[in-house]
Amino acid sequence: MLHRGHESTDGTDGGELAVPMAWLYAEYIADELLRTGDLMPPTSFEFRAGRDALALTVFLSDTDGELSGIRVISQLEHWLSLTAYDQPWRDWVHERLAEMTAEDARSATASPDLALAADAWRWLEETELLAPDLDAVPGGGAVFGEDDGPKVWTPAWRLGLPLGHLAIHLF
C-alpha cells in the first residue's frame, strides 16, 4: 500500500498507478470553456462531444508538455485557429495522435494521457449524433424551429468541434 506523499503521477515508480494529469487538465479546461459559454446542458451528448473535441485540441496542441494555468489564456487564439471551420482538424488529430504514439513507443512507457486521448477520439469518430442538417435547403415549406428541420446522423466530432470553437470564442 502506498503512503501519502509516495503516489506516482508520472508512471516511473516501479509499475505504480500513473495519473493522467495532462489529459485531466485538458478535460478540465474544455469543460470550463463549455460551461462558461452555456451552450448545451452539461449532461447532453452534444456537450460531451464539444468537451472531448476541445480536450483533444488542448492536449494535442501542447507540444512541450508545459500547459499551465497562466498559458491557457495565451493559447485561446491558437485553439480558435485549430478549431476553425476551414481547418483540417480531423487530419491534424490523426497526425498528432500518430506522432505521440510513436514517441510513446520509443520511450517504452505507456502514457495514460495518450490512452485517454485515443479513447476520446475513438468515441468522437465512432459515435453518431442526430443533428440538424445545416447543408439542407428546405423544400418549399417554412421551418419554424430547430426540431422541425431535416436532421442527419453525424459523427460526434463534427458536432463537437464547432461547439467547442464557439465556446472558445465566447470565453
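Which residues have the most contacts inside the largest nonpolar core? In this predicted model, the residues with the most contacts inside that core are Leu56, Leu60, Trp79, Trp89, Trp121 and Leu124, and the core as a whole has 38 residues. Six helices, listed below with their residue ranges, each supply at least two residues of this core.

| Helix | Residues |
|---|---|
| Helix 1 | 21–37 |
| Helix 2 | 45–61 |
| Helix 3 | 69–83 |
| Helix 4 | 89–107 |
| Helix 5 | 112–126 |
| Helix 6 | 156–170 |

Helix 2 gives the most to this core, with nine residues, and this helix is also mostly covered, since 14 of its 17 residues are buried. The length of helix 2 can be checked as well: at 1.5 Å a residue, its 17 residues should span 24 Å, and this agrees with its end C-alpha atoms, which are 24 Å apart. Leucine 60, one of the residues with the most contacts inside the core, is in contact with Trp92, Val93, Arg96, Leu97 and Met100, when its neighbours within four places in sequence are left aside.

Two packed helices are described by the angle between their axes and the distance between the axes. For helix 1 and helix 5, the axes come within 7 Å and cross at roughly 45°, which makes helix 1 oblique to helix 5. On the side of helix 1 the contact is made by Met21, Ala22 and Trp23, while helix 5 takes part through Asp113, Leu116, Ala117 and Ala120. Of the residues in this contact between helix 1 and helix 5, six are nonpolar, none is polar and one is charged.

How values were computed: Residues are numbered from 1 along each chain as its sequence is written. This is a predicted model: local features need pLDDT of at least 70, side-chain atom pairs count only at pLDDT 80 or more; totals for chains, interfaces and linings use all residues. Side-chain values use heavy atoms; hydrogens and water are left out. A nonpolar core is a set of buried Ala, Val, Leu, Ile, Met, Phe, Trp, Tyr and Cys residues joined through side-chain atoms within 4.5 Å. Buried means under 20% relative accessible area, exposed over 50%, partly exposed in between (1.4 Å probe, protein chains only). Helices (H or I, at least four residues) and strands (E, at least two) are DSSP runs, numbered from the N terminus. Contact means heavy atoms within 4.5 Å. Axes are lines fitted to C-alpha atoms, for helices over the stretch in contact, and angles run from 0 to 180 degrees between N-to-C directions. Angles under 35 degrees count as roughly parallel, over 145 as roughly antiparallel, 65 to 115 as roughly perpendicular and the rest as oblique. Ala, Val, Leu, Ile, Met, Phe, Trp, Tyr, Cys and Pro count as nonpolar, Asp, Glu, Lys and Arg as charged, and the others, Gly among them, as polar. The expected span of a helix is 1.5 Å times one less than its number of residues.
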